[in-house]
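User: Please take a close look at one part of this structure and describe what surrounds it. Start from a single residue and work outwards, then place that part within the rest of the chain.

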Amino acid sequence: HGFWVRNGKKMSKSLGNFVDIDSLGKYKEMYGLDGLRYYLVTQGPIGMNDANFSDYSLFNTYNVNLVNTLGNCAARTTAMINKYYKGDDAGVPSEFDENGNRIEIEGFDWPTITAEATKKVEDA
């Protein structure tokens, strides 16, 4: 399996090139826990390939993927909703019909599916 490397060498305590808890805490403060998780999952070792952990890589992944891509997508979606629906909720699709009943698609009841999945995790 692949390993995390730092400065071209496999991380180890004896070399002192590992990322310690204090450093992870600083990264968490700077990028948020989800930003740090995103980096570890997307840039981590896959299969037999090693992954290089670096401050620059974390910074770059966070800014390019999360700030630019996700942030731009959210901003554009918001702008399109405001443009095409003119800020009027009457034209925005809803999960409720005109009588206030939740619209359900047979076999796909997202709120119920997520509630059941959450309960399974909590009960485990």
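Analyst: **Contacts and surroundings**

Neighbours within four places in sequence left aside, Thr 61 is in contact with Tyr 38, Tyr 39, Thr 42, Gln 43 and Leu 66. The model is a predicted one. Thr 61 itself sits in helix H2, which spans residues 55-84. Its relative accessibility is 8%, and Thr 61 therefore counts as buried, the cut-off being under 20%. A polar atom of the Thr 61 side chain is 2.8 Å from the backbone oxygen of Ser 57.

Ser 57 is in helix H2 as well. With a relative accessible area of 18%, Ser 57 is also buried. Beyond four places in sequence, Ser 57 is in contact with Tyr 39 and Asn 52. Tyr 39 is thus a contact of Ser 57 and of Thr 61, and it is the next residue to follow.

Tyr 39 belongs to helix H1, residues 21-43. What is its relative accessibility? The value is 1%, so Tyr 39 counts as buried. Outside the four-place window, Tyr 39 touches Trp 4, Gly 44, Asn 52, Phe 53, Ser 54, Ser 57, Leu 58 and Thr 61. With Asn 52 there is a polar approach too: the backbone oxygen of Asn 52 lies 3.4 Å from a polar atom of the Tyr 39 side chain. With Phe 53, 14 residues away along the chain, the C-alpha separation is 9.5 Å.

**The core**

Tyr 39 is also a member of the largest nonpolar core, which has 7 residues: Val 19, Tyr 27, Tyr 31, Leu 36, Tyr 39, Phe 53 and Leu 58. Helix H1 contributes the most to this core, with 4 residues. Among the contacts of Tyr 39, Phe 53 and Leu 58 are core members too.

Tyr 31 is another core residue. Setting aside neighbours within four places, Tyr 31 is in contact with Leu 36, Leu 58, Phe 59 and Tyr 62. Leu 58 therefore appears in the contact lists of both tyrosines, Tyr 31 and Tyr 39, by the contact limit of 4.5 Å between heavy atoms.

**Charged pairs**

Which charged pairs go with the helices just described, and where does each partner lie? The whole structure holds 3 salt bridges. One of them joins Asp 55 to Arg 6, with 3.9 Å between the closest N and O atoms. This pair links distant parts of the chain, since Asp 55 is in helix H2 and Arg 6 is in strand E1 (residues 4-6), 49 residues apart. The two partners differ in exposure class: Asp 55 is partly exposed at 44% relative accessibility, while Arg 6 is buried at 18%.

Helix H1 carries a salt bridge between Arg 37 and Asp 34, whose closest N and O atoms are 3.4 Å apart. Arg 37 and Asp 34 are 3 residues apart in H1, which means a separation of about one helical turn. Arg 37 is partly exposed, at 47%, whereas Asp 34 is exposed, at 57%.

The side chains of Asp 123 and Lys 119 form a salt bridge with an N to O distance of 3.0 Å. Asp 123 and Lys 119 are 4 residues apart in helix H3 (residues 110-123), again about one helical turn. Asp 123 is exposed, with a relative accessible area of 56%.

**The rest of the chain**

Elsewhere, Ile 105, Phe 108, Trp 110 and Ile 113 make a nonpolar surface patch of about 440 Å². Ile 105 is in the loop between H2 and H3 and is exposed at 58% relative accessibility.

Leu 15 is in the loop between strand E2 (9-10) and H1. At 52% relative accessibility, Leu 15 counts as exposed. Not counting residues up to four places away, Leu 15 touches Lys 9 and Lys 10. From Leu 15 to Asn 99, which is 84 residues away in sequence, the C-alpha distance is 67 Å.

How values were computed: Residues numbered from 1 in each chain as written. Predicted model: local features only at pLDDT ≥ 70, side-chain atom pairs only at ≥ 80, totals over all residues. Heavy atoms only, no water. Salt bridge = Lys/Arg side-chain N within 4 Å of Asp/Glu carboxyl O. Helix = DSSP H or I, 4+ residues; strand = E, 2+ residues; numbered from the N terminus. Buried < 20%, exposed > 50% of the residue type's maximum accessible area, 1.4 Å probe, protein only. Patch = residues over 30% accessible without salt bridge, like charges linked within 9 Å, V, L, I, M, F, W, Y side chains within 5 Å. Areas by Shrake-Rupley, 256 points an atom, 1.4 Å probe, with all protein chains shown as cover. Core = buried A, V, L, I, M, F, W, Y, C linked by side-chain atoms within 4.5 Å. Polar contact = N/O pair within 3.5 Å; in protein donor to acceptor, adjacent residues only side chain to side chain.
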